[in-house]
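Biologist: I am new to this model, and I would like to learn how to read it step by step. Could you show me the chain before we begin?

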Amino acid sequence: AYLQNDQAFNNLPAWNSAEVEFSVADVVGNKLTLQSNRVKVGAGVKYVTVSASAYFLGNTPEGQLRAWVQVINTSGAEKLGVESYMYKANQNINTMLIVPTRTVAVEEGETIRLAIQIGNTATFNLVQRGTTLHVEVVE
């Protein structure tokens, strides 16, 4: 999944989680679908590989950045997360976080999303050309 346009965050409070709003997906087959910014797991899927990238543009503050792929169970709770952290020493540089590839067990109806956090309150954009969520059926 990827962004149709840049996504703006205005005064995102420190350490508040924000969901990336994916609007476009390249899908082959019918085992995964894009639904409400998340990838939904269909029938017969037991394992998927997940990875992601988040491209922060502009004045993200000095401090910690976090991006993580979350598997959300059918009750709405986080089942597991695959994370990437970075300490950014200069606020005026663009930054890309890569969430490493991992194979995870899933069940029908669970959803997969990309979320971000920043260690200080900030206004910034996630850039369309570098922010992606990759989910692939393994079994």
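Modeller: We will go through the strands, the overall form and the nonpolar core in turn. This is a predicted model, in which local features need pLDDT of at least 70 and side-chain atom pairs count only at pLDDT 80 or more, while totals for chains, interfaces and linings use all residues. Residues are numbered from 1 along each chain as its sequence is written, and side-chain values use heavy atoms, with hydrogens and water left out.

Biologist: How many helices and strands are in the chain?

Modeller: Helices (H or I, at least four residues) and strands (E, at least two) are DSSP runs, numbered from the N terminus; here the chain has zero helices and 11 strands.
The radius of gyration, taken over C-alpha atoms, is compared with a globule rule of 2.2 Å times the number of residues to the power 0.38. For this chain the radius is 15 Å, close to the 14 Å that the rule gives for 139 residues, so the chain is as compact as a globular protein of that length.

Biologist: Which residues have the most contacts inside the largest nonpolar core?

Modeller: A nonpolar core is a set of buried Ala, Val, Leu, Ile, Met, Phe, Trp, Tyr and Cys residues joined through side-chain atoms within 4.5 Å, where buried means under 20% relative accessible area with a 1.4 Å probe, protein chains only. The largest one here has 34 residues, and those with the most contacts inside it include Val-48, Phe-56, Ile-112 and Ile-116. Its largest share, five residues, comes from β5.

Biologist: What does Ile-116 touch?

Modeller: With contact meaning heavy atoms within 4.5 Å, and not counting residues up to four places away in sequence, Ile-116 touches residues including Phe-9, Phe-56, Trp-68 and Phe-124.

Conventions: Buried means under 20% relative accessible area, exposed over 50%, partly exposed in between (1.4 Å probe, protein chains only).
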